[in-house]
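Open the model in your viewer and keep a selection box ready. The tour goes from one selection to the next and says what is found at each stop.

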Amino acid sequence: MHDTLYDDGMEKENPNPDDPLERMLHRSGELHEKLLSLLDGAEFDGSLRGEAAFGMCFVALEHGAALRALMAFGLPNSAVSLMRLQFEALTRAMWLIYAASDQAIAKLLAPLTLESEQAAKNLPGASEMINQIGKRVGQGVPVAAHQMLVRFKNVSWHAMNSFVHGGIHPLRRSAEGFPVHLALQVLRNGNGLTTMTGMALAILTGDEAIAKPMTKIQPEFADCLPDLLE
């Protein structure tokens, strides 16, 4: 898991203290490493639901690592586009844990063929998955987890779509430059999604000895994460 998700050379070991982007990239890398260390050697839910959710968490973590790599290489427009992929993979993972039907899980775990590809196209999109998760708040779904998905989508969805589909946002950023404060916010948001993914993986272990330390990530890395929900 560690070797395939992270390149130790992605962020500088000794970032320039006067460069806020270098500092943020360095702290983002430390956050990612901490999450992986907490999950190192863990055993995960071996059910079909657990297998599907674990696989989608893995995809979300990969997108998060790629987002940071693109920022480190000075490719912020592409990084923002990846944030939408990261968000949708996390949303899918949480939906698989809390709300997906057995039939939907079977569609995702089927061998990849033209027929299974077509069947999987009928799975719900991000908005419907979030709605289905919301209906199960109080039935095993943490309120904060659902609120995070809702807030993130409400605040970021249109801008992310613009970057993905070649809209006004990437055009203006390419012409006018990508402000440092915006780059820092993109990294914070990506780190927030990575942290939520780590929490989802902790849930899949069913191990309180992993889940409890995972809840301490937010205060430890508050400098590189979005503000907590009120």
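Start by selecting arginine 84 and glutamate 88, which both lie in helix 4, four residues apart, about one turn of the helix. Keep in mind throughout that this is a predicted model. Show the two side chains: they meet in a salt bridge, 2.7 Å from N to O. Colouring by accessibility separates the partners. Arginine 84 is buried, with a relative accessible area of 16%, whereas glutamate 88 is partly exposed at 24%. The cut-off for buried is under 20% relative accessible area, so arginine 84 at 16% falls below it and glutamate 88 at 24% does not.

**Helix 4 against helix 7**

Next, select residues 76-98, which make up helix 4, and residues 126-134, which make up helix 7; their axes come within 10 Å and cross at roughly 35°. The crossing of helix 4 and helix 7 is left-handed. Now show side chains where the two meet. From helix 4, pick Phe87, Glu88, Thr91, Arg92, Met94 and Trp95; from helix 7, pick Ala126, Met129, Ile130, Gln132 and Ile133. Sorted by class, this contact has seven nonpolar, two polar and two charged residues. Glutamate 88, from the salt bridge with arginine 84, is among the helix 4 residues that meet helix 7.

Stay in helix 7 and select methionine 129. Is methionine 129 buried or exposed? Methionine 129 counts as buried, because its relative accessibility is 1%. Apart from neighbours within four places in sequence, methionine 129 is in contact with Thr91, Arg92, Trp95 and Pro124. Thr91, Arg92 and Trp95 are also among the helix 4 residues listed for the meeting with helix 7. For a sense of scale, draw a distance from methionine 129 to leucine 35: the two are 94 residues apart in sequence and 25 Å apart in space, C-alpha to C-alpha.

**A buried lysine**

Move to helix 8, residues 143-164, and select lysine 153. Which side chain of opposite charge is nearest to lysine 153? It is glutamate 88, 9.1 Å away; lysine 153 is buried yet has no salt bridge. A salt bridge needs a side-chain nitrogen within 4 Å of a carboxyl oxygen, so the 9.1 Å between lysine 153 and glutamate 88 does not qualify. Leaving out residues up to four places away in sequence, lysine 153 touches Phe87, Ser127 and Ile130. Phe87 and Ile130 also appear in the contact of helix 4 with helix 7.

Follow the chain back to the loop between helix 7 and helix 8 and select proline 142. Proline 142 is partly exposed, with a relative accessible area of 35%. Its C-alpha atom and that of tyrosine 98, 44 residues apart along the chain, are separated by 10.0 Å.

**Two more stops, in helix 4 and helix 10**

Return to helix 4 and select asparagine 77. Asparagine 77 counts as partly exposed, at 23% relative accessibility. Its contacts, not counting residues up to four places away in sequence, are Phe163, Pro170, Arg173, Ser174 and Phe178. The C-alpha atoms of asparagine 77 and leucine 171 are 94 residues apart along the chain and separated by 9.2 Å.

Then select threonine 197 in helix 10, residues 180-205. Threonine 197 is buried, with a relative accessible area of 0%. It touches Cys57, Ala60, Leu61 and Leu90, again not counting residues up to four places away in sequence.

**Salt bridges at helix 2**

How many salt bridges does the structure hold? It holds seven, one of them being the pair of arginine 84 and glutamate 88. For another, select arginine 27 and glutamate 30, whose closest N and O atoms are 2.9 Å apart. These two are three residues apart in helix 2, residues 20-39, and so are separated by about one helical turn. Arginine 27 is partly exposed at 21% relative accessible area, and glutamate 30 is partly exposed at 32%. Add Asp223 to the selection: Arg27, Glu30 and Asp223 are linked in a network of salt bridges.

Finish with glutamate 220 and lysine 34, whose side chains meet in a salt bridge of 2.8 Å, N to O. This pair links distant parts of the chain, with glutamate 220 in helix 12 and lysine 34 in helix 2, 186 residues apart. Glutamate 220 is partly exposed, with a relative accessible area of 40%, and lysine 34 counts as partly exposed at 26%.

Methods:
Residues are numbered from 1 along each chain as its sequence is written. This is a predicted model: local features need pLDDT of at least 70, side-chain atom pairs count only at pLDDT 80 or more; totals for chains, interfaces and linings use all residues. Side-chain values use heavy atoms; hydrogens and water are left out. Axes are lines fitted to C-alpha atoms, for helices over the stretch in contact, and angles run from 0 to 180 degrees between N-to-C directions. A crossing is left-handed if the near helix is turned anticlockwise from the far one by less than a right angle, and right-handed if clockwise. Contact means heavy atoms within 4.5 Å. Ala, Val, Leu, Ile, Met, Phe, Trp, Tyr, Cys and Pro count as nonpolar, Asp, Glu, Lys and Arg as charged, and the others, Gly among them, as polar. Buried means under 20% relative accessible area, exposed over 50%, partly exposed in between (1.4 Å probe, protein chains only). Lys and Arg count as positive and Asp and Glu as negative; His and the chain ends are not counted.
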